[in-house]
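Here is an informal walk through one protein model, written for someone who likes to check geometry by eye. Have a look at the structure first, then read on.

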Amino acid sequence: MYNNDPTHSTPLRSSFICLLTVCLFFWQCSPKITSYDPPIDTAQEFSSTGEDSISMYWWEAFEDPALNKLMDSSFSHNHNLISIWYQLEEARSIRKIQSTFLLPDIEGSAQTAISRPQPDFAGGENTQIGVSASYEVDLWGRIRAGVQAEDFRMQASYFDYQTAAMTLSSQIATTWFQLITAKKQLNLAKEQIAINEKIINLIKVRFGAGQTKGVDILRQQQLVEEARNQQLLYETDLALLKNQLAVLTGVPPQNFEVSARDSLPRLPPHPQTGLPLDLVRRRPDVQRAYRDLLAADRDMAVAVRNKFPRLSFNLTGQTRSNTYPELFNDWAYTLGANLVAPLLYWGRLREEVKRAEAVKNQQLHNYGQSVLIAFREVEDALVQEQNQAKRLKVIEKRITMAKKVQRQLQTEYINGFIEYLDILVSLEEQQQLERQKIQLEQDLFESRIALYRALAGNFDLEYIPNSQPANQN
């Protein structure tokens with residue numbers, strides 16, 4: 001069937017035209033994408049709101065250059081975040097692989113055989129070259145639905161990366177402020193040790209003059225040792241928090257250096273909470289759950305279309321010759337079509353549709369649960385911050401009153417009206433309140449961080465490999 005006559009290619013061109021017409025006809029048969037609302041009641045506005053708009057880079061509201069530097073380092077060098085980035089790269093490749101099924105597969109082949117001369121046979125070379133192409137027409141949009149499913153999974157992986165980055169940013173900010181608080185607590189413990197030792201010296205003077213009992217010295221010494229115990233605890237916390245920051249920023253703890261400031265920064269004004277619907281649209285974890293739902297919807301479309309017939313075409317072209325110069329002179333072409341329809345699969349395809357529908361319904365309610373959790377996290381952060389601010393005011397009043405009580409008791413002790421034990425109990429309570437105040441300030445900042453994380457959407461972040469993370473000096 002080797003022929004150079006160009007008129008023989010007319011049936012082949014007609015076949016190609018028919019194939020193109022069929023493809024264009026069924027191109028619009030892909031099932032449409034359905035949009036879904038969360039399967040929950042309409043949410044009312046949040047319980048409270050502020051006036052300041054929230055930035056994508058919410059930590060910049062604290063105006064702390066050291067914190068900003070830690071964030072930049074962690075986004076480039078945190079290994080958990082980098083690992084999730086490569087999961088996104090994997091999802092992109094899977095999506096590209098799936099999209100190639102919309103295109104024909106083309107293969108080439110070549111072979112050469114050499115026969116030695118035999119009696120009554122001259123021998124020689126036999127070279128054959130062939131090209132083949134196979135293509136499945138996307139009847140009913142089955143292949144395109146599969147591409148759409150992988151596209152949504154790729155988007156879900158992107159939102160996974162954004163969610164991980166948001167979680168990392170909150171961990172960095174929380175750990176950084178805990179480090180500052182630990183340093184502040186350590187400084188307070190040293191001050192309390194100095195105050196308690198000074199009181200011991202005064203008691204010893206009074207004891208020498210016969211104005212007090214020896215047991216008062218022992219009681220005060222117990223308070224000194226308690227303050228020293230607190231100092232050791234805060235020194236341990238300081239070291240452990242530095243190690244935690246090192247790991248979060250991708251640096252070996254023994255190579256990490258950071259200098260914490262002496263006090264927490266100013267708490268920024270309360271941010272706007274916005275509308276619940278806006279929160280659903282900007283939260284990356286919620287958007288990830290929604291993309292999982294859409295991917296499951298596309299998987300179900302694929303399962304439904306698997307029950308329909310499939311049409312594919314195969315085109316092959318071959319040439320062969322005993323001499324290389326004449327190899328490309330004559331070609332033989334074959335064009336075939338294949339239509340396959342499932343007849344009896346014993347309910348396997350039907351059950352696959354039911355399975356895909358069950359998965360879609362699972363993802364629908366996972367999406368609804370993600371929305372509810374997002375709303376709860378905002379409300380939790382609002383309640384915690386409001387109540388912690390109130391508690392902070394209460395404890396400040398208690399410290400003021402404790403100092404007044406302490407001064408009054410000292411006067412009465414000097415005049416011999418009370419035992420030193422009363423002063424000791426009052427002093428210990430005052431010092432505990434001072435430590436509690438510092439911890440409440442830290443809790444207030446953690447509530448604000450939780451609120452920022454609950455309200456903030458995803459931010460533009462592209463991983464840029466950098467093998468040399470910088471220390472925070």
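## Aromatic pairs

Let's start with the rings. This is a predicted model, and a search of the whole structure turns up 14 aromatic pairs. Take tyrosine 290 and tyrosine 367: their ring centres sit 5.1 Å apart and their planes are at 45 degrees, so the pair is tilted. This pair links distant parts of the chain, with tyrosine 290 in helix α7 and tyrosine 367 in helix α8, 77 residues apart.

Are these two tyrosines buried or exposed? Tyrosine 290 has a relative accessible area of 14%, so it is buried. Tyrosine 367 is buried as well, at 5%; the cut-off for that label is under 20%.

Elsewhere, eight residues gather into one aromatic cluster: Tyr57, Trp58, Trp59, Phe62, Phe75, Phe177, Phe445 and Tyr452.

## Overall layout

Stepping back, the secondary structure comes to nine helices and four strands. Going along the sequence, the order is α-α-α-β-β-α-α-α-α-β-β-α-α. The protein has 473 residues, and buried ones make up 40% of them.

## Helix α7

The helix that carries tyrosine 290 deserves its own look. Helix α7 covers residues 284-305, which is 22 residues. From first C-alpha to last it reaches 31 Å, close to the 32 Å expected at 1.5 Å a residue. It is also mostly covered, with 17 of the 22 residues buried.

Helix α7 has a salt bridge within it too: aspartate 292 pairs with arginine 288, and their closest N and O atoms are 2.3 Å apart. Both residues lie in α7, four residues apart, or about one turn of the helix. An α-helix has 3.6 residues a turn, so residues three or four places apart point the same way. Arginine 288 counts as partly exposed, at 23% relative accessibility.

## More salt bridges

How many salt bridges does the structure hold? The count is 21. One of them joins lysine 183 to aspartate 262, with the closest N and O atoms 3.1 Å apart. Lysine 183 lies in helix α4 (residues 142-208), while aspartate 262 is in the loop between α5 (214-248) and α6 (276-282), so the pair ties together parts that are 79 residues apart in sequence. Lysine 183 is partly exposed, with a relative accessible area of 21%.

A local case sits in helix α8 (residues 348-414), where glutamate 352 and arginine 355 are three residues apart, about one turn of the helix. Their side chains meet in a salt bridge at 2.8 Å, N to O. Both ends are partly exposed: glutamate 352 has a relative accessible area of 31%, and arginine 355 comes in at 45%. There is also a network, in which salt bridges that share partners join Glu150, Arg153 and Asp299.

## Helices α3 and α4

Now for a helix pair. Two packed helices are described by the angle between their axes and the distance between the axes. The axes of α3 (residues 79-99) and α4 come within 9 Å and cross at roughly 170 degrees. Angles over 145 degrees count as roughly antiparallel, and α3 and α4 are therefore roughly antiparallel to each other. The residues of this contact divide into 14 nonpolar, five polar and six charged.

Serine 93 is found in helix α3. At 40% relative accessibility, this serine counts as partly exposed. Its C-alpha is 9.7 Å from that of glutamate 150, although the two are 57 residues apart along the chain.

## Two tryptophans with positive phi

If you plan to go over the backbone torsions, here are two residues to look up. Which tryptophan has a phi near 70 degrees? That is tryptophan 140, a positive value in a residue other than glycine. Tryptophan 140 lies in the loop between β2 (124-137) and α4, and at 28% relative accessibility it counts as partly exposed.

Tryptophan 346 has a positive phi too, of about 60 degrees, and again is not a glycine. Its place is in the loop between β4 (332-340) and α8. Tryptophan 346 is exposed, with a relative accessible area of 71%.

Notes. Residues are numbered from 1 along each chain as its sequence is written. This is a predicted model: local features need pLDDT of at least 70, side-chain atom pairs count only at pLDDT 80 or more; totals for chains, interfaces and linings use all residues. Side-chain values use heavy atoms; hydrogens and water are left out. The expected span of a helix is 1.5 Å times one less than its number of residues. Buried means under 20% relative accessible area, exposed over 50%, partly exposed in between (1.4 Å probe, protein chains only). A salt bridge is a side-chain nitrogen of Lys or Arg within 4 Å of a carboxyl oxygen of Asp or Glu. Axes are lines fitted to C-alpha atoms, for helices over the stretch in contact, and angles run from 0 to 180 degrees between N-to-C directions. Angles under 35 degrees count as roughly parallel, over 145 as roughly antiparallel, 65 to 115 as roughly perpendicular and the rest as oblique. Ala, Val, Leu, Ile, Met, Phe, Trp, Tyr, Cys and Pro count as nonpolar, Asp, Glu, Lys and Arg as charged, and the others, Gly among them, as polar. Rings of Phe, Tyr and Trp (its six-membered ring) pair if their centres lie within 6.5 Å; planes under 30 degrees apart count as stacked, over 60 as edge-to-face and the rest as tilted.
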